[in-house]
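This report looks at ring contacts, a strand pairing and the overall build of one chain. Please view the sequence and the structure before reading on.

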Amino acid sequence: MLSFLFWNLHNKSLLDSVARIVLQRQVDVLIFVESGIDPARLLPLLNQPAPKYFYHPPLFSSACQFFASFDPQHLKPLHDDEHIAIRGLFLPGRVPLLITAAHLQSKLEAEAADQRSVSRLFVEQIARKEAAFAKEIARSGGIPGHPSTLVVGDMNMNPFEEGMIGAEGLHGVMTQKDANRRSRKCQGVAYPMFYNPMWSWFGDRDGAPGGTYFKNRSGHQINYFWNVFDQVLLRPALLPFFDQNDLEILTSDGQDSLLDRNGRPDATNASDHLPLFFKLSV
């Protein structure tokens, strides 16, 4: 079992909250965006009483920051730019993973057309890396032609927006049954699919928050209030290793709440985004 934590930190360090979540939940892979974390300050908190966690530096300047509970030789950097980071994860005896982390353009600086365009470029980059990685995946026990790709990040779009659901975009469908088709044809072109479990995290759900990010667009005709900008998507090959019950939007670090008195993300004392925690039984 591998466990993952993703969090947009709102340009803060939040060292104590991060350390509590990681140590209490035994997180294996930590991915941060808008991170104010200094690895030299976080690692001593994580590595008590014994060394376990490592910082995994990027190839170049990157939107995403990685830490993990295994040596950097197992997490191969494949791509870094201002919006995405792609890593190949090879652990002995485990299914190899192509991990793609993202912090896509904010709605404050991009129109819907811009976000669709970035999503298309994002997927093209993933496809290139999946093709280049196919032989290594096969040698390491993966299934040729069935990439074990995981995408996680702050997409700055909801699952229903065109950049997330469109065939030329991330093509993240809401049910495993549909995702298991693996692809669908649109105007004669076959587009591969992702499964996006975040569709089911809107609104009232057994005391869970209504999403990962709250924005009151007072005065606008359309006001969702809650958004699910922070998402995890899986290629169909990973569905046998995923249980919906192993996915959470966290509202506490185990000691302090990450919500304000109104039940919204506490942007003052924590972050304006809530973290995602999930597991894969690989």
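## Charges over rings

In this predicted model, the charged end of R25 is placed over the ring of F277, at 4.8 Å from the ring centre. A second arrangement of this kind involves R205, whose charged end sits over the ring of W201 at 3.8 Å from its centre.

## Aromatic pairs

Nine aromatic pairs are present in the structure. In one of them, formed by F160 and F202, the ring centres are 5.8 Å apart and the planes meet at 35 degrees, so the pair counts as tilted; the stacked class would require planes under 30 degrees apart, and the edge-to-face class over 60. Because F160 belongs to the loop between β8 (149-154) and α4 (162-165), while F202 belongs to the loop between β12 (194-195) and β13 (213-215), this pair ties together parts that are 42 residues apart in sequence.

How buried or exposed are the two partners, F160 and F202? F160 has a relative accessible area of 33% and is therefore partly exposed, and F202, at 26% relative accessibility, is likewise classed as partly exposed; the class begins where buried ends, at 20%, and exposed applies over 50%. Elsewhere among the aromatic residues, F32, Y55 and F67 come together in one aromatic cluster.

## The hairpin of β10 and β11

Strand β10 (residues 183-186) and strand β11 (residues 189-192) run antiparallel and are joined by four bridges. Within this pairing, K185 has A190 of β11 as its bridge partner. Two residues lie between the strands of the hairpin, and Q187 adopts a positive phi near 55 degrees there. As background to reading such strands, side chains in a regular strand alternate between the two faces of the sheet.

## The chain as a whole

The secondary structure of the chain comprises five helices and 17 strands. Its C-alpha trace spans about 55 × 50 × 35 Å along the principal axes, and the radius of gyration is 18 Å, which agrees with the value near 19 Å that a compact globule of 282 residues would have.

Buried residues make up 52% of the 282 in the chain. Of the contacts between residues at least 6 apart in sequence, 63% join residues at least 24 apart. The area that the chain exposes comes to about 13,000 Å², with carbon and sulfur atoms supplying 49% of it.

Definitions and conventions: Residues are numbered from 1 along each chain as its sequence is written. This is a predicted model: local features need pLDDT of at least 70, side-chain atom pairs count only at pLDDT 80 or more; totals for chains, interfaces and linings use all residues. Side-chain values use heavy atoms; hydrogens and water are left out. Rings of Phe, Tyr and Trp (its six-membered ring) pair if their centres lie within 6.5 Å; planes under 30 degrees apart count as stacked, over 60 as edge-to-face and the rest as tilted. Buried means under 20% relative accessible area, exposed over 50%, partly exposed in between (1.4 Å probe, protein chains only). A charge sits over a ring if NZ of Lys or CZ of Arg is within 6 Å of the ring centre and within 35 degrees of the ring normal. Two strands pair if DSSP finds at least two bridges between them. The radius of gyration is taken over C-alpha atoms; the globule rule is 2.2 Å times the number of residues to the power 0.38. Contact means heavy atoms within 4.5 Å. Accessible areas come from the Shrake-Rupley method with a 1.4 Å probe; for residues, only the protein chains shown count as cover.
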